[in-house]
Structures are given as structure tokens and as C-alpha cells.
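Please read the report below alongside the coordinates. It concerns a sheet, the helices around it and the empty spaces between them.

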Amino acid sequence: MIKTDNLTFYYNKEKKDAFSFPNITLKEQEDLLILGKSGIGKTTFLHLLAGLLKPTSGKVSINNVDINSLSNNKLDKFRGQNIGLVFQKKHAIQSLSVLKNLEARLFFSKKTVPNSEIETLLQKLGLSAFKHKRLNELSEGQLQRLNIAMSVIHKPKVILADEPTSSLDDENCKIVVELLKKQAKLNNACLIIITHDSRIKPFFQNTIII
């Protein structure tokens with residue numbers, strides 16, 4: 001489902017801030033925790049996996065597609081349809097309600113989902129009562145759950161989460177990790193969490209430290 005081969009990335013021509021990343025191979029429904037301290041290149045790795053950065057060498061394959069061989073337009077389309085991203089910062093549209101943000105996510109991914117499935121997802125994430133609320137009316141926990149909903153509503157093949165628990169207390173950390181794992185399983189998707197938060201380690205059998 002997702003495979004990397006000898007990924008390296010340099011932020012400048014002098015090859016300063018050079019990063020080399022371990023090879024990973026995940027099948028459908030498999031998950032992986034990637035742990036590392038700040039400044040080690042964790043977010044760079046996630047951006048390479050998502051095709052937001054192009055590697056200096058090596059490649060990323062998702063569903064047998066070498067994403068770095070795609071044109072920008074085709075890569076945008078592929079990412080929109082096959083990858084769910086949970087960013088450290090919230091990327092929902094402030095002026096839209098919870099429901100409208102999910103509908104916008106589906107529009108941009110060029111996918112359709114029955115209203116009943118949207119309602120079911122909102123219910124599972126405890127957001128049904130807030131579906132017509134705008135972002136400034138939500139708590140941090142509700143915003144995080146919306147972030148998860150937006151990452152899975154289009155049924156991606158791969159879910160990538162960047163520090164999804166770093167600002168959460170222990171109880172909400174557990175809730176968020178379990179929600180991500182559950183939603184990945186329901187979508188037959190691979191889940192990769194990249195973080196420095198070692199509290200997550202007991203939830204994963206597969207862990208890489210970089």
C-alpha cells in the first residue's frame with residue numbers, strides 16, 4: 001500500500017540540513033509509529049510521504065504508484081483522493097461549519113459520500129451536535145476530532161498524522177490515537193503517526209525511531 005525506498009532530502013544545494021530516512025513497507029490496514037525528537041526531520045518525512053516535498057533521491061509508492069513521477073496536477077488529484085492528512089495545525093476553513101468543511105473536503109477530493117455516511121462519521125466522533133457550528137465555537141478537542149474527520153471522510157488509502165497528540169492531556173491523547181486507529185481500520189487504510197510523543201508507543205506494535 002505504501003512503500004519508501006532510500007529517501008533523502010536536502011534543503012539547500014550545499015547539502016546542509018541533509019536527511020536520510022528509513023525504508024518502510026506497509027500493507028492495507030497496517031499502522032506505524034515514527035518517533036523522534038524535534039529537529040530530526042519528522043515533519044519533512046511526512047511531507048515526503050504525502051508528496052508535499054519531492055525527495056532529493058529515492059521514491060515513495062502508494063498503491064503501486066510512484067507519486068514523485070506524477071505531474072503536479074496529477075499528484076494533487078492523487079493526494080486528494082488517496083491520502084488523508086492530519087496536520088499539527090488546523091486546516092479547516094474558519095468561515096465554514098463542521099458539516100460544510102467536510103463537504104468542502106469531499107468536493108476538493110472529487111469524491112461523493114452519502115449523507116448517511118457523513119452523519120455516521122460525525123456521530124462516531126462525537127460531533128453530531130456541533131455539525132452546524134463554526135470553528136470558533138468549538139473546543140480544542142472538537143477541532144481535533146474535526147481534523148480527523150476531514151482526514152478520513154474521502155476514504156483514503158493512507159492516513160498521515162503529524163504530532164496529533166502533542167498538545168493533548170493523557171485522556172484525550174488516548175482518545176485521539178484510538179479514533180485514528182479505528183477510522184483507519186474502517187477505511188482499510190494504512191495509518192502513520194509521526195511524533196515526539198512517547199505516550200503513543202503502547203498503542204503500536206510497529207515503531208521506528210529516527
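What follows describes a predicted model, beginning with the sheet and ending with a loop residue.

**Sheet and covering helices**

The strands of an open, five-stranded sheet follow one another in the order S7-S8-S9-S4-S10, and their pairing is parallel. At its edges lie strand S7 (83-86) and strand S10 (207-209), each of which pairs on one side only. Between neighbouring strands of this sheet the average turn is 15°, direction ignored. Strand S7 is joined to strand S8 (residues 158-162) by 4 bridges, the two running parallel, and within this pair Leu 85 has Leu 160 of S8 as its bridge partner.

Two helices can be described relative to this pair of strands. Helix H2 (residues 72-82) packs on the sheet, where it touches S7 and S8, and its direction makes about 75° with that of S7. Helix H5 (residues 140-152) also lies across S7 and S8, but runs at about 165° to S7.

**Helices H3 and H5**

The spans of helices H3 and H5 can be checked against the expected rise of 1.5 Å a residue, as set out here.

| Helix | Residues in helix | Expected span | Distance between end C-alpha atoms |
|---|---|---|---|
| H3 (residues 98-109) | 12 residues | 16 Å | 17 Å |
| H5 (residues 140-152) | 13 residues | 18 Å | 19 Å |

For H3 the distance between the ends agrees with the expected span, and for H5 it agrees as well.

The buried residues of H3 are Val 98, Leu 99, Asn 101, Leu 102, Ala 104, Arg 105, Leu 106 and Ser 109. Their cover includes H2, S7, helix H4 (115-124) and H5. After H3 comes Lys 110, which has a positive phi, near 60°.

In H5, 11 of the 13 residues are buried, so this helix is largely enclosed by the rest of the structure. Among these buried residues are Gln 142, Arg 145, Asn 147 and Ser 151, together with Leu 143, Ile 148 and Met 150. The elements against which the buried residues of H5 pack are S7, H3, H4, S8 and H6.

**Pocket and cavities**

The largest pocket has a volume of about 420 Å³. Of the 16 residues that line this pocket, Leu 85, Phe 87, His 91, Arg 105 and Met 150 lie nearest its centre. Two or more lining residues come from each of H2, S7, H3 and H5, and H3 gives the most, with 4 residues. Arg 105, one of the residues nearest the pocket centre, is also one of the buried residues of H3.

There are 2 cavities of 30 Å³ or more in the structure, and the largest cavity holds about 50 Å³ of space. Gly 141, Gln 144, Arg 145, Leu 168, Asn 172, Ile 175 and Val 176 form the lining of that largest cavity, to which H5 and helix H6 (170-186) each give two or more residues.

**A buried loop residue**

Which loop holds Thr 165? Thr 165 belongs to the loop between S8 and H6. Its relative accessible area is 0%, and because burial requires only a value under 20%, Thr 165 counts as buried. Beyond its neighbours within four places in sequence, Thr 165 is in contact with Cys 173, Val 176, Val 177, Asp 197, Arg 199 and Ile 200. Val 176, one of these contacts, is also among the residues lining the largest cavity.

Technical notes
Residues are numbered from 1 along each chain as its sequence is written. This is a predicted model: local features need pLDDT of at least 70, side-chain atom pairs count only at pLDDT 80 or more; totals for chains, interfaces and linings use all residues. Side-chain values use heavy atoms; hydrogens and water are left out. Two strands pair if DSSP finds at least two bridges between them. Axes are lines fitted to C-alpha atoms, for helices over the stretch in contact, and angles run from 0 to 180 degrees between N-to-C directions. Contact means heavy atoms within 4.5 Å. The expected span of a helix is 1.5 Å times one less than its number of residues. Buried means under 20% relative accessible area, exposed over 50%, partly exposed in between (1.4 Å probe, protein chains only). On a 1 Å grid over the protein atoms alone, a cavity is a set of points where a 1.4 Å probe fits but cannot get out, and a pocket is an open set with protein on both sides within 12 Å along at least five of seven lines; lining residues have an atom within 4 Å of a point. Grid points are joined across faces, edges and corners, and a volume is the space filled by probe spheres set on the points.
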